[in-house]
Amino acid sequence: MVTTPLLPSDYLDLVSPLRAGAELRGRIEAVHPETEDAATVVIRPGRDWRGHTAGQYVRIGVDVDGVRLWRAYSLTSPTDRQDGRITVTVKAVADGRVSGHLVHRTAPGTLVRLEQPAGDFVLPPARPAKVLFLTAGSGITPVMGMLREHAALDDVVMVHSAPRPQDVIFRAELHELAGAGRLRLTEVHTGTDGRLDLARLGDLVPDWAERETWACGPMGLLDAVERHWSEHGVRERLRTERFRPGTVVAGDGGSVTFGATGRTVEADGATPLLEVGEEAGVLMPSGCRMGICFGCVTPLKAGAVRDLRTGEITEAEPGVLIQTCVSAAAGPCEIER
Ligand SMILES: Cc1cc2nc3c(=O)[nH]c(=O)nc-3n(C[C@H](O)[C@H](O)[C@H](O)COP(=O)(O)OP(=O)(O)OC[C@H]3O[C@@H](n4cnc5c(N)ncnc54)[C@H](O)[C@@H]3O)c2cc1C
Ligand code: FES
């Protein structure tokens with residue numbers, strides 16, 4: 001009664017936001033620039049953080065201009081860091097609401113929401129004899145987590161693409177690892193050399209098809225890599241991690257009604273309802289924003305939506321749930337937000 005309308009836990013949150021039993025949060029303790037548009041964010045996680053496996057990602061809820069936005073970031077810290085802190089490394093994308101905020105406008109002391117780590121882009125318990133890491137841009141982050149964790153990997157080749165040498169995130173550390181014999185590193189500078197031509201991969205890595213491969217980078221590269229591995233009959237040696245959804249299948253749009261907020265807006269058939277809502281000021285839960293985490297699931301109350309990955313249409317029926325991050329309007333529709 002003394003604390004009404006707040007709960008005692010709300011007061012505890014003010015003095016001890018990272019305590020056990022509280023909603024899982026993290027305190028940003030430092031932001032270290034890595035390149036001109038990328039930075040490593042050092043976070044002290046709450047007491048209930050369960051720990052991660054190298055290569056996994058964490059969903060982070062960041063308040064940007066008073067609105068909480070959730071995004072996924074790969075963990076770049078080793079799991080046994082002495083001080084218990086974790087790191088993610090973020091590249092600011094053009095017009096990116098969260099990435100730009102984290103890289104350029106976040107002060108130490110900022111609290112963020114965290115979820116427990118997730119993802120299966122990890123090394124198997126029986127370490128492969130020969131490994132190939134094929135990465136580009138910020139796709140290096142989960143692989144850096146693995147390299148920092150698994151010092152005992154003995155035959156590792158990395159082919160990494162970035163526009164210029166100064167855009168290579170973790171460049172000094174990668175060269176140190178290469179100098180210490182832990183890694184054979186090829187940098188492809190796409191600004192001068194052009195994009196990595198997979199037809200020439202055999203020149204760079206003659207035994208690429210024998211290597212267990214982890215690939216992470218832009219959609220175009222990953223699509224080409226998946227095709228190449230399939231064509232050579234070694235698709236089972238390849239694991240990929242995507243930061244954005246794959247192919248978009250656009251269809252007809254329509255008017256979208258957000259039932260709980262009573263707002264209706266016109267949407268095209270290619271924009272995910274999650275983005276349509278955000279543009280209209282309707283905040284919806286989200287995480288990966290690419291159809292893997294189910295953090296955005298919402299009841300479809302009326303009308304029809306199209307799955308942007310497959311083109312499949314889902315029509316409203318009692319109990320039907322849709323993922324707003326990969327669903328676009330297929331005619332007029334209403335979702336419960
Ligand atoms: C499993 C997983 C792990 C991830 N790990 C990392 C990581 O370690 N480091 C990292 O920097 N990012 C990572 N991401 C991407 C990250 O979650 C965000 O998508 C990214 O930071 C952009 O968010 P934003 O809010 O800045 O952009 P938004 O405001 O959502 O989008 C702004 C514009 O940028 C475009 N865009 C969105 N995402 C990307 C992207 N990845 N590349 C290029 N353009 C984009 C959008 O289409 C839009 O036009 C990961 C994503 C997933 C799913
Ligand atoms: S936000 Fe992850 S599935 Fe939609």
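An oxygen atom of ligand 1 sits 2.6 Å from a polar backbone atom of A72. That is a good place to start in this predicted model, and two further backbone contacts to the ligand join it in the table below.

| Protein partner | Ligand 1 partner | Distance |
|---|---|---|
| A72, polar backbone atom | oxygen atom | 2.6 Å |
| K91, polar backbone atom | oxygen atom | 2.9 Å |
| V98, backbone N or O atom | oxygen atom | 2.9 Å |

Taken alone, ligand 1 would expose 910 Å², and the protein buries 82% of that area. Three elements each give two or more residues to the shell around ligand 1: the strands β4 (67–74) and β5 (86–91), and the helix α2 (97–104). The top contributor is β4, with four residues.

**Who surrounds the ligand**

In total, 24 residues surround ligand 1, and R71, A72, Y73, S99 and R244 are the closest of them. So A72 turns up twice in this account: among the closest residues, and as a backbone partner of a ligand oxygen. What is the chemical make-up of the shell around ligand 1, counted as nonpolar, polar and charged residues? Ten of its residues are nonpolar, eight are charged and six are polar.

**The nonpolar cores**

Let's turn to the protein interior. The largest nonpolar core has 23 residues, and the members that touch the most others are F133, L147, M158 and L174. At least two residues of this core come from each of β7 (131–136), α3 (140–149), β8 (156–162), α4 (171–179) and β10 (212–216). Which element gives the most to this core? The answer is α3, with five residues.

L147 shows how this core is knitted together. Beyond its neighbours within four places in sequence, L147 is in contact with F133, V156, M158, L174, L177, R182 and L183. F133, M158 and L174 in that list are also, like L147 itself, among the members that touch the most others in the core.

There is also a second, separate core, made of 22 residues, with W49, V88, A92 and L102 among them. As a general background, nonpolar side chains tend to be buried together in soluble globular proteins.

**A closer look at α3**

Is helix α3 mostly covered or mostly open? It is mostly covered, with eight of its ten residues buried. Those buried residues are I140, T141, P142, V143, M144, G145, M146 and L147. They pack against β4, β5, β7, β8, α4 and β10. Two of these partners, β4 and β5, also give residues to the shell around ligand 1.

Methods: Residues are numbered from 1 along each chain as its sequence is written. Chains are lettered from A and ligands numbered from 1 in the order in which they are written. This is a predicted model: local features need pLDDT of at least 70, side-chain atom pairs count only at pLDDT 80 or more; totals for chains, interfaces and linings use all residues. Side-chain values use heavy atoms; hydrogens and water are left out. A residue is near a molecule or strand if one of its heavy atoms lies within 4 Å of it. A polar contact is a pair of N or O atoms within 3.5 Å; within protein, one must be able to donate a hydrogen and the other to accept it, and residues adjacent in sequence count only if both atoms are side-chain atoms. Accessible areas come from the Shrake-Rupley method with a 1.4 Å probe; for residues, only the protein chains shown count as cover. Ala, Val, Leu, Ile, Met, Phe, Trp, Tyr, Cys and Pro count as nonpolar, Asp, Glu, Lys and Arg as charged, and the others, Gly among them, as polar. A nonpolar core is a set of buried Ala, Val, Leu, Ile, Met, Phe, Trp, Tyr and Cys residues joined through side-chain atoms within 4.5 Å. Buried means under 20% relative accessible area, exposed over 50%, partly exposed in between (1.4 Å probe, protein chains only). Contact means heavy atoms within 4.5 Å.
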